[in-house]
Amino acid sequence: MSALDPPLGAVVLVAGCGTGLSLPPLADAMHNGWIEAVDTAPAMLRKARRRADTYRSAETGIGVRLENIIDLPYPNDTFDAILSAYVLDLLPPVERRRASRELARIIRPGGRLVTVTPALPTQADEHLWRHLARLLPPLLGGGHPVDLRLLLRETGWRIKTAERSRNAGLASQIITARRP
């Protein structure tokens, strides 16, 4: 949430919200804003809606919708910030490129994008996780290690930071980018 750093009164998109685990901490980090959470999986969205309904914030509203991030119904320049955690790595490369362009279309100039993906392995235990994920894709939710920096640059984003984070031997890459 600190990487996203939404401004006062921000309109934030959670692109691929899953079960909505990020919604309460994001709402806590915001003031007088709106969170729009989208996903393509109806079962996940039911859980996200329940989580949003049970979490009440007097300052921040939360909407949950069934949408695909490669073709979103929002007008250009709608959002101040976008969070996409463990979603872009699930898409085939062509759809990943379309999604990156679509996110650039709907974010306001200067808006911040934060992506979180499984990182390319650099240590022995990370290679083990990568092999396990290939053998048993559900183990890591079907995600694939990927470095999005080149793709983001090619689709109009300016990379501000790219950091690695490790948890239980799993490495993630957290990229912060801005739309010029």
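These numbered points comment on the fold, the nonpolar core, the charged pairs and two backbone details of the structure above, which is a predicted model.

1. Overall make-up. The protein chain holds five helices and seven strands, and when these elements are read along the sequence they follow the pattern β-α-β-α-β-β-α-β-α-α-β-β. The chain has 180 residues, of which 45% count as buried.

2. The nonpolar core. The largest nonpolar core is made up of 25 residues, and those with the most contacts inside it are Leu 13, Ile 69, Leu 72, Ile 82, Leu 103, Ile 106 and Trp 157. At least two residues of this core come from each of strand S1 (11-15), strand S4 (79-85), helix H3 (93-106), strand S5 (107-118), helix H5 (149-154) and strand S7 (170-178). Helix H3 gives the most, with four residues. As general background, nonpolar side chains tend to be buried together in soluble globular proteins.

3. Salt bridges as a group. The count of salt bridges comes to seven, and some of them are taken up in the points that follow. In general terms, side chains of opposite charge can pair when their charged atoms come close.

4. The network around Arg 65. Glu 36, Arg 65 and Glu 67 are linked in a network of salt bridges. Within this group, the side chains of Arg 65 and Glu 67 meet with an N to O distance of 2.9 Å. The two partners fall into separate accessibility classes: Glu 67 counts as buried because its relative accessibility is 18%, under the 20% limit, whereas Arg 65 is partly exposed, with a relative accessible area of 33%.

5. The pair Arg 179 and Asp 77. These two residues form a salt bridge in which the closest N and O atoms are 2.5 Å apart. The pair links distant parts of the chain, since Arg 179 lies in the segment after S7 and Asp 77 in the loop between strand S3 (61-66) and S4, with their positions 102 residues apart in the numbering. Asp 77 is partly exposed, its relative accessible area being 32%.

6. The pair Arg 108 and Asp 80. A further salt bridge joins the side chains of Arg 108 and Asp 80, at 2.6 Å from N to O. This pair also links distant parts of the chain, with Arg 108 in strand S5 and Asp 80 in strand S4, 28 residues apart. Arg 108 counts as partly exposed, at 31% relative accessibility. Strands S4 and S5, which carry this pair, are also among the elements that each supply at least two residues of the largest nonpolar core.

7. A positive surface patch. Arg 46, Lys 47, Arg 49 and Arg 50 form a positive patch on the surface. One of them, Arg 46, is found in helix H2 (residues 42-54). With a relative accessibility of 47%, Arg 46 counts as partly exposed, because the exposed class requires over 50%.

8. Backbone angles to check. Two residues deserve a look in the model. Asp 5, which lies in the segment before S1, has a positive phi of about 45 degrees although it is not a glycine. Tyr 86, likewise not a glycine, has a positive phi of about 55 degrees, and this residue lies in the loop between S4 and H3. Tyr 86 is partly exposed, with a relative accessible area of 41%.

Notes
Residues numbered from 1 in each chain as written. Predicted model: local features only at pLDDT ≥ 70, side-chain atom pairs only at ≥ 80, totals over all residues. Heavy atoms only, no water. Patch = residues over 30% accessible without salt bridge, like charges linked within 9 Å, V, L, I, M, F, W, Y side chains within 5 Å. Areas by Shrake-Rupley, 256 points an atom, 1.4 Å probe, with all protein chains shown as cover. Salt bridge = Lys/Arg side-chain N within 4 Å of Asp/Glu carboxyl O. Lys, Arg positive; Asp, Glu negative; His and termini not counted. Charge placed at Lys NZ, Arg CZ, Asp CG, Glu CD. Buried < 20%, exposed > 50% of the residue type's maximum accessible area, 1.4 Å probe, protein only. Core = buried A, V, L, I, M, F, W, Y, C linked by side-chain atoms within 4.5 Å.
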